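Here are a few exercises to work through with the sequence and the coordinates side by side. Try each task on your own before you read the solution.

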Amino acid sequence: MSATLSDRVAAMAGQSPRAEVVAFARMLAAEAGADAVLFYGSNLRTGSLEGVLDFYLLLPGPQRERIWPRVSYREWTHGGIVLRAKIAALSLEQFARAAAGRSRDTTIWARFVQPSALVWSADDAARLQVWAAIAEAAKTAARLAAALGPDSGTAEEFWRALFRATYRAEFRIEKPGRENSILTADPAHFEGLLPLVWEAQGLEFTREGTLLRPHLPESERRSLLRWWSLRRRAGKPLNILRLAKATTTFEGAASYGAWKLERHTGLTLEVTPFRKRHPLLAMPGAAWALWRARRRSSQRARRG
């Protein structure tokens, strides 16, 4: 990792979120014996504690589960405020492999070339490992952007081509133009990043004003596109496997679903012990309870 890219990554990942976020990350890390905790998503950008905080919990040792990450939901009252978090857990070793493009995954390097903050690390060695992984994520994303983007274009056009391709590869429901909102949400993060990463990995390019032209050998371009084709084809099946796994391993799924329901509809669904233990088996009963609650609400509205 070049010194300039190292400095850029340290500055990007060294953001200081609110104290409540740091306290939550520290608590989660202590419970799991984690090496590090990354914080990302819209709450990082806005500084808000509303909604759900997004954490990646990076664990020591080799990756134990073949389908990763393990996803869970937690609510924690801190300083009189109820904080809610969605936590994705995997090993730091697997995170680094995926960031460097050495797995079939399309999510890690595409996500962590975007803003994130290393809010907790066990020691200097863990912090440096995470920084190196984020730098590799930027390299993986930037080199693929050179292959997917135009022969010559602005940095935004290369990033847009990359994010458009990765969103299409994943099993996600996103509004058209989601790749544009990534760039406009935090333009300072992407300012100058693409040429810096290309320089760090020795990819030659020319610059004419705001236009960049990467000098990617045709053989390397074909190799990158083959590499991407394998991951693109595996993207949706892998996402479906992760969703299927989450139906049985998503800790706190019932609480998360009830909170989402109340947030979006105003209807409260009681999270019983049975619903906590068996969220799938409880779905028919929950749907019936929701129908009854909606009916009562509608009847009250008519009478009013």
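The exercises below start with the whole chain and then turn to single elements and residues.

**Exercise 1. Take stock of the chain and of the confidence in it.**

Solution. Start with the origin of the coordinates: this is a predicted model. Next, look at confidence: the mean pLDDT of the chain is 85, and 76% of the residues score at least 70. Then find a weak stretch: over residues 278-286 pLDDT stays under 50, and the model has eight contacts beyond four places in sequence for these residues. Now list the elements, which come to 14 helices and seven strands. For burial, 46% of the 304 residues count as buried. The chain exposes about 15,800 Å², with carbon and sulfur atoms supplying 53% of that area. Finally, turn to the contacts between residues at least 6 apart in sequence: 69% of them join residues at least 24 apart.

**Exercise 2. Work out how strand β4 pairs with β2 and with β3.**

Solution. Begin with β2 (residues 53-59): this strand runs parallel to β4 (residues 81-91), and seven bridges link the two. To fix the register, use F55, which stands opposite I87 in β4. Move on to β3 (residues 70-78), whose pairing with β4 is antiparallel and covers nine bridges. Here R70 is a useful marker, since its place is opposite A89 in β4. Last, inspect the turn: the hairpin of β3 and β4 has two residues between the strands, and G79 takes a positive phi near 60°.

**Exercise 3. Find the cis peptide bond that leads into P69, and say where P69 sits.**

Solution. Check omega from W68 to P69: the value is near 0°, and the bond is cis. Then place P69 in the loop between β2 and β3. As background, most peptide bonds are trans.

**Exercise 4. Describe the hairpin of β6 and β7, and sort the side chains of β7 by face.**

Solution. First the pairing: β6 (residues 205-208) and β7 are antiparallel over four bridges. In the ladder, F205 has P214 of β7 as its bridge partner. Two residues separate the strands of this hairpin, and in the turn G209 has a positive phi of about 65°. Now follow β7 (residues 211-214) one side chain at a time: L212 and P214 point to one face and are buried, while L211 and R213 point to the other face and are not buried.

**Exercise 5. Explain why helix α10 can be called largely enclosed.**

Solution. Count the buried residues: six of the eight in α10 (residues 193-200) are buried, so the helix is largely enclosed by the rest of the structure. Name them next: L193, L194, P195, L196, V197 and W198. Then step past the end of the helix, where G202, just after α10, takes a positive phi of about 75°.

**Exercise 6. Compare the settings of F112, T106 and L148.**

Solution. Take F112 in helix α5 to begin with. Its relative accessible area is 1%, so F112 falls under the 20% cut-off and is buried. Leaving out residues up to four places away in sequence, F112 touches L38, Y40, Y56, F95, I134 and A137. One of these, A137, is 25 residues from F112 in sequence, with 6.2 Å between the C-alpha atoms.

Continue with T106, in the loop between α4 (92-99) and α5 (108-112). T106 has a relative accessible area of 2% and is buried. Not counting residues up to four places away, T106 touches E170, W228 and R231.

End with L148 in helix α6 (residues 124-148). At 25% relative accessibility, L148 counts as partly exposed. Beyond four places in sequence, L148 is in contact with A161, L162, A165, L225 and W228. The C-alpha atoms of L148 and F158, 10 residues apart along the chain, are 7.4 Å from each other.

**Exercise 7. Locate the largest cavity and name its lining.**

Solution. Begin with the count, which comes to one cavity of 30 Å³ or more. The largest cavity holds about 40 Å³ of space. Its lining consists of V9, M12, A13, Q114, P115, S116, I134 and H189. To finish, assign the lining to elements: helix α1 (residues 3-13) gives the largest share, three residues.

How values were computed
Residues are numbered from 1 along each chain as its sequence is written. This is a predicted model: local features need pLDDT of at least 70, side-chain atom pairs count only at pLDDT 80 or more; totals for chains, interfaces and linings use all residues. Side-chain values use heavy atoms; hydrogens and water are left out. Buried means under 20% relative accessible area, exposed over 50%, partly exposed in between (1.4 Å probe, protein chains only). Contact means heavy atoms within 4.5 Å. Accessible areas come from the Shrake-Rupley method with a 1.4 Å probe; for residues, only the protein chains shown count as cover. Two strands pair if DSSP finds at least two bridges between them. pLDDT is the predictor's confidence in each residue, from 0 to 100. On a 1 Å grid over the protein atoms alone, a cavity is a set of points where a 1.4 Å probe fits but cannot get out, and a pocket is an open set with protein on both sides within 12 Å along at least five of seven lines; lining residues have an atom within 4 Å of a point. Grid points are joined across faces, edges and corners, and a volume is the space filled by probe spheres set on the points.
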